[in-house]
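Me: I would like to go through the helix packing and the charged side-chain pairs of this model with you, one question at a time.

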Amino acid sequence: MSIQMEKPYQEMSLPELMDHCRREMEHYTQRRSYDDQYCLEIFRRAMLLNDAQAWDVVYRHFKPTLLNWFRRHPNRQRARHFDTEENYVARAIERFWLAAVHNGELKFATIAAALRYLHACL
């Protein structure tokens with residue numbers, strides 16, 4: 001019986017990374033031990049390689065988190081008079097993308113740092 005080793009995250013496809021990232025984010029939110037390298041690799045591909053598919057993964061995966069942050073904001077009712085929740089989320093990702101495009105040195109050491117930056121963009 002052979003034990004199959006997991007391939008390095010740098011060699012994984014986006015769907016493989018996303019599966020791992022989803023699992024590790026559950027651990028993160030439950031304050032359990034987690035490995036943030038899978039999620040960070042998705043951010044790296046999006047930001048440094050400007051990979052459109054990776055940006056799509058970032059948007060789809062973190063959209064629920066952004067919506068949750070928006071819905072908990074104390075001024076959410078007033079904000080809804082100006083635009084929809086969906087547009088606030090899309091604009092946050094757009095600001096995040098613009099920051100990455102205009103600053104090739106922008107990278108995160110932890111998923112917590114990436115989430116704080118994403119939260120600030122919202």
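Me: How many residues apart in helix α3 are Asp56 and Arg60?
Reply: This is a predicted model, in which local features need pLDDT of at least 70 and side-chain atom pairs count only at pLDDT 80 or more, while totals for chains, interfaces and linings use all residues. Residues are numbered from 1 along each chain as its sequence is written, and side-chain values use heavy atoms, with hydrogens and water left out. Helix α3 (helices being DSSP runs of H or I with at least four residues, numbered from the N terminus) covers residues 52-72. Asp56 and Arg60 are separated by about one helical turn there, because their spacing is four residues.

Me: What is the N to O distance in the salt bridge of Asp56 and Arg60?
Reply: A salt bridge here is a side-chain nitrogen of Lys or Arg within 4 Å of a carboxyl oxygen of Asp or Glu. The side chains of Asp56 and Arg60 meet in such a bridge, and the N to O distance is 2.8 Å.

Me: Is Arg60 buried or exposed?
Reply: Buried means under 20% relative accessible area, exposed over 50% and partly exposed in between, with a 1.4 Å probe and protein chains only. Asp56, at 38% relative accessibility, is partly exposed. Arg60 has 53% relative accessibility and therefore counts as exposed.

Me: Which residues are joined into one network by salt bridges that share partners?
Reply: In helix α2, Glu41 and Arg44 are three residues apart, and their side chains form a salt bridge at 2.9 Å, N to O. Arg45 and Glu41, four residues apart in α2, also meet in a salt bridge at 2.9 Å. Glu41 is buried at 2% relative accessible area and Arg45 is buried at 10%, whereas Arg44 is partly exposed at 33%. Through shared partners, the network consists of Glu41, Arg44 and Arg45.

Me: How is α1 oriented relative to α2?
Reply: Helix α1 (residues 14-29) and helix α2 (residues 37-47) pack with axes 7 Å apart, at an angle of about 130 degrees. Axes are lines fitted to C-alpha atoms over the stretch in contact, and angles run from 0 to 180 degrees between N-to-C directions. Angles under 35 degrees count as roughly parallel, over 145 as roughly antiparallel, 65 to 115 as roughly perpendicular and the rest as oblique. The packing angle therefore makes α1, relative to α2, oblique.

Me: Which residues in α2 meet α1?
Reply: Contact means heavy atoms within 4.5 Å. From α1, the residues involved include Leu14, Leu17 and Met18. Their partners in α2 are Tyr38, Cys39, Glu41, Ile42 and Arg45.

Definitions and conventions: Helices (H or I, at least four residues) and strands (E, at least two) are DSSP runs, numbered from the N terminus.
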